[in-house]
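Here is a short briefing to read alongside a protein structure. Keep the sequence and the 3D view open, and look up each residue as you meet it.

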Amino acid sequence: MRKNFGAKPLTYPQPVLIIATYDEDGTPNAMNAAWGGISEINQISICLSAGHKTVKNLLKRGAFTVSMGEAAHVVACDYVGITSGNNTPDKFARSGFHATKSQFVDAPLIDELSVALECRLIDYNPETCILRGEIVNVSVDERVIDSNGKVDPAKVCPITFDPFNNTYLKLGEKVADAFSAGKQLK
């Protein structure tokens, strides 16, 4: 037996994406978004309504960063999602986040979040609210790199949004090797 929920944006996993920009005076701003993902080899697409301060900023600056939310910083990640930069211009500072200017785009990297996409604005459609960005660099803090030079997801401890229960979940344990597990059925 199955239960029908209707036509709603309910999927697993939904990323916790923290989009960061600079406002007109260079103050960092960030927001939390869940409706986004990789849409081309070097592109990310995110659904963001035009009224967000972050959207206004990235339209002016032509750049933004996208960091993955992390369990160690869930309070700050949630805060930048429930507080509007339109009403609280210092919300980035209030969150406890710190910024370092990207070397590749005119946008801040969030020091506390270890994995970030540095993006140039491709386009934004205010009717569909779809933002597309060109990924020009992926920046990873060395604190989450293992001895083989790879990202250790246990050190990142990324979180996802559970839209069925309005909660954040830590990504779990490895269950199989990609591009390999299915070979047993060949």
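The notes below go through helices, a small sheet, unusual backbone spots, charged pairs and buried acidic residues. Please keep in mind that this is a predicted model.

**Helix α2 and its two sides**

- Let's start with helix α2, which covers residues 74-82 and has Ala76, Cys77 and Val80 as buried residues.
- Seen down the axis of α2, these buried residues fall within an arc of 105°, so they line one face of the helix.
- Turn to the other side of α2 and you will find Val75 and Ile82, which are exposed.
- What do the buried residues of α2 pack against? Their partners are strand β2 (17-22), strand β3 (28-33) and helix α3 (91-95).

**Helix α1 and what follows**

- Helix α1 takes in residues 53-61, and its buried residues are Lys53, Thr54, Val55, Asn57 and Leu58.
- The elements covering these buried residues include β2, β3, β6 (63-68), β9 and β10 (130-140).
- After α1 comes Gly62, which has a positive phi near 75°.

**A sheet of three strands**

- Now look for an open sheet of 3 strands, ordered β1-β11-β12 and paired in an antiparallel way.
- Its edge strands are β1 (14-15) and β12 (167-170), each of which pairs on one side only.
- How many bridges join β1 to β11? There are 2, and β11 (residues 159-162) runs antiparallel to β1.
- To see one such pairing, find Gln14, whose bridge partner in β11 is Phe161.

**Unusual backbone spots**

- A general rule helps here: most residues other than glycine have a negative phi, and most peptide bonds are trans.
- The peptide bond from Tyr12 to Pro13 is cis, with an omega near -15°. You can find Pro13 in the segment before β1.
- Cys157 is not a glycine, yet its phi is positive, at about 55°. This residue sits in the loop between α4 (153-156) and β11, and Cys157 is partly exposed, with a relative accessible area of 21%.
- Asn166 also has a positive phi, of about 50°, although it is not a glycine. Look for Asn166 in the loop between β11 and β12.
- Is Asn166 buried or exposed? Its relative accessibility is 62%, and the cut-off for exposed is over 50%, so Asn166 counts as exposed.

**Salt bridges**

- The count of salt bridges in this model comes to 9.
- One of them links Arg94 with Asp90, where the closest N and O atoms are 3.0 Å apart. Arg94 is exposed, with a relative accessible area of 57%, whereas Asp90 is partly exposed at 34%.
- Another joins Asp123 to Arg132, with the closest N and O atoms 2.6 Å apart. Asp123 has a relative accessible area of 30% and is partly exposed, and Arg132, at 27%, also counts as partly exposed.
- The side chains of Asp141 and Arg143 meet in a salt bridge too, at 2.8 Å from N to O. Asp141 is partly exposed at 30% relative accessibility, and Arg143 is partly exposed at 40%.
- Which residues are linked in a network of salt bridges? They are Glu24, Lys53 and Lys60. You have met Lys53 already, as one of the buried residues of α1.

**Buried acidic residues without a salt bridge**

- Glu112 belongs to the loop between β8 (108-110) and β9 (115-125).
- Glu112 is buried but has no salt bridge, and the nearest side chain of opposite charge, that of Arg143, is 7.1 Å away.
- Leaving aside residues up to four places away in sequence, Glu112 touches Glu70, His73, Gly96, Phe97, His98 and Arg143.
- Arg143 therefore appears twice in this story: its side chain lies 7.1 Å from Glu112 without forming a salt bridge with it, since a salt bridge needs the nitrogen and oxygen within 4 Å, and Arg143 does form one with Asp141.
- Glu118 is placed in strand β9.
- Glu118 is buried and has no salt bridge, and the nearest side chain of opposite charge, that of Lys101, is 8.5 Å away.
- What does the side chain of Glu118 make a polar contact with? The partner is the side chain of Ser102, at 2.3 Å.

Note on methods
Residues numbered from 1 in each chain as written. Predicted model: local features only at pLDDT ≥ 70, side-chain atom pairs only at ≥ 80, totals over all residues. Heavy atoms only, no water. Buried < 20%, exposed > 50% of the residue type's maximum accessible area, 1.4 Å probe, protein only. Helix = DSSP H or I, 4+ residues; strand = E, 2+ residues; numbered from the N terminus. Arc of directions from axis to C-beta. Contact = heavy atoms within 4.5 Å. Lys, Arg positive; Asp, Glu negative; His and termini not counted. Polar contact = N/O pair within 3.5 Å; in protein donor to acceptor, adjacent residues only side chain to side chain. Pairing = 2+ DSSP bridges.
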